[in-house]
Amino acid sequence: MISISELKTLLATPQKIVITTHHKPDGDAMGSSLGLYAYLIQKGHHVSVITPTDYPDFLQWLPNNSNVIIYTESPEKSLELVNDANLIFCLDFNTLSRINELGEHIRNASALKLMIDHHLEPEDFDDYRHWNINACAAAQLVYDFILNELNDGEFINKDVATCLYTGIMTDSGSFRFPSATSSVYRIAADLIDLGAEHWRIHQLVYDNASENRLRFLGHCLSNKLEILREFNVAIITVTAEELKKYNIVTGDTEGIVNYALSINGIKLAAFIIERTDKVKLSLRSTGDFPANEICKKYFNGGGHRNAAGGASEKNLADTIAEFKSILPEYKTQLLQ
Ligand code: 5GP
Ligand code: MN
């Protein structure tokens with residue numbers, strides 16, 4: 001491990017830096033990465049943001065998005081940058097398996113690895129850690145890192161503020177989850193003062209859906225929603241055929257699980273989707289119910305208590321059956 005003063009000394013001269021984040025990046029992954037990018041380029045560093053996979057259209061308006069390199073689309077260029085870097089920032093994830101194939105390349109790279117993250121149970125691959133599970137977003141920790149660890153608040157310009165606000169807004173469910181504490185609201189207010197146009201950011205992220213997505217959402221709610229009142233659970237399941245029929249692309253399924261959770265009395269919602277290589281589960285819960293425990297124990301995944309994910313090697317029907325078979329074990333907690 002290196003100390004913050006050692007890191008500060010390193011960052012005092014131009015470095016070759018890679019910033020990476022988890023696969024299928026969401027608003028916090030892209031917001032924290034591009035926020036840190038917009039800060040570091042002002043300090044004269046050579047910086048690249050490399051994502052393991054593509055990400056939704058509704059995040060592609062973020063400042064400096066056009067400089068992002070997608071590993072699956074440019075593997076050689078990505079690996080060249082990873083192997084040449086002095087510093088690799090790992091944002092919004094803490095196990096290298098979350099970045100697919102890129103993970104082992106980063107593990108083997110000679111660069112120092114710097115983790116900024118808010119997920120449980122970090123893997124021990126890093127050389128510096130700014131980690132706090134109470135943070136509502138990695139973007140909140142990037143803000144804290146720049147302001148309080150590097151004492152560089154004056155470099156939080158409009159681009160940095162816009163990106164970090166986006167990460168905080170998306171990961172806090174637009175400031176409605178318990179993680180959106182009064183300090184988070186204060187940070188949001190500071191970011192607005194520093195140039196984040198909150199109304200425009202909200203519109204660009206949430207009112208930017210394709211027609212396909214809306215029609216697909218209608219289909220999910222009308223035809224694919226199953227409510228298990230005996231467990232206070234709601235499930236939406238989607239086949240690969242349906243994804244094809246509605247021309248669903250990355251990002252179009254984001255947030256659909258929240259509609260299932262919005263039904264009164266529902267404590268746990270599941271969105272189970274048949275992807276080409278595996279069946280993916282997204283779970284959301286209310287209150288103390290540990291959605292991440294189910295993902296970790298049964299679906300090779302994890303996440304936060306109220307928002308977690310995992311995957312299954314079984315087919316869709318068997319995954320749905322397995323998910324339902326787990327519910328009796330949690331019945332008491334689900335009916336509390
Ligand atoms: P989503 O349902 O949006 O895919 O994921 C919700 C949250 O669960 C993410 O923010 C992430 O923290 C976590 N998560 C999703 N999939 C996985 C997974 O496969 N493994 C782990 N460890 N966490 C996951
Ligand atoms: Mn996050």
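**Note on a predicted model with two open sheets and one ligand**

1. Strand β9 (residues 268–274) and strand β10 (residues 279–285) pair in the antiparallel sense through 7 bridges, and within this pairing I273 stands opposite K280 of β10. Strands here are DSSP runs of E of at least two residues and helices are runs of H or I of at least four residues, both numbered from the N terminus, while two strands count as paired if DSSP finds at least two bridges between them.

2. The model is a predicted one, in which local features need pLDDT of at least 70 and side-chain atom pairs count only at pLDDT 80 or more, whereas totals for chains, interfaces and linings use all residues. Residues are numbered from 1 along each chain as its sequence is written, and chains are lettered from A and ligands numbered from 1 in the order in which they are written.

3. The β9 and β10 pair belongs to an open sheet of 6 strands, whose order is β7-β8-β9-β10-β12-β11 and whose pairing is mixed. At its edges stand β7 (225–228) and β11, each of which pairs on one side only. Helix α13 (residues 316–326) lies across β8 (233–238), β9, β10 and β12, and runs at about 165° to β9; such angles are taken between N-to-C directions on a scale from 0 to 180 degrees, with axes fitted as lines to C-alpha atoms, for helices over the stretch in contact.

4. Which residues are found around ligand 1? They are H119, S282, G301, G302, G303, H304, A307, A308, G309, G310 and A311, where a residue is near a molecule or strand if its C-beta atom, placed from the backbone, lies within 6 Å of it. Both β11 (302–303) and β12 (307–312) supply at least two residues of this shell, and β12 gives the most, with 5 residues. By class, the shell divides into 3 nonpolar, 8 polar and no charged residues; Ala, Val, Leu, Ile, Met, Phe, Trp, Tyr, Cys and Pro count as nonpolar, Asp, Glu, Lys and Arg as charged, and the others, Gly among them, as polar.

5. A further open sheet, also of 6 strands, has the order β3-β2-β1-β4-β5-β6 with parallel pairing. Its edges are β3 (69–70) and β6 (128–131), and because each has a single partner strand, one side of each is left without a neighbour in the sheet.

6. Within that sheet, strand β1 (residues 16–21) runs parallel to β4 and is joined to β4 by 5 bridges, with F89 as the bridge partner of I19. On β4 there is also a parallel pairing with strand β5 (residues 112–117) over 5 bridges, in which C90 stands opposite M115. Strand β5 is in turn joined to β6 by 4 bridges, again in parallel, and there L114 stands opposite Y128.

7. Is strand β4 (residues 87–91) mostly covered or mostly uncovered? It is mostly covered, with 5 of its 5 residues buried, a residue being buried if 20 or more other C-beta atoms lie within 10 Å of its own, exposed if 12 or fewer do, and partly exposed in between, with C-beta atoms placed from the backbone. Both faces are covered, since L87, F89 and L91 on one side and I88 and C90 on the other are all buried.

8. In helix α3 (residues 75–84) lies V82, which counts as buried because 21 C-beta neighbours are found inside 10 Å. Apart from neighbours within four places in sequence, V82 is in contact (C-beta atoms, placed from the backbone, within 7 Å) with V18, I88, H105, I106 and A109. By way of contrast, L147 in helix α5 (residues 138–149) counts as partly exposed, because 16 C-beta neighbours lie inside 10 Å.

9. Two backbone angles deserve a check. Most residues other than glycine have a negative phi. N64, in the loop between β2 (46–51) and β3, nevertheless has a positive phi of about 70°, and S174, in the loop between α6 (158–171) and α7 (182–193), has a positive phi of about 55°.

10. From the record, an unreviewed UniProt entry lists "domain: DDH" for residues 16–168 and "domain: DHHA1" for residues 243–325; positions are in the numbering used here, feature names are shortened, and annotations may be inferred rather than shown by experiment. In the model, residues 16–168 are 37% helix and 19% strand, and residues 243–325 are 33% helix and 27% strand.

How values were computed
Two residues are in contact if their C-beta atoms, placed from the backbone, lie within 7 Å.
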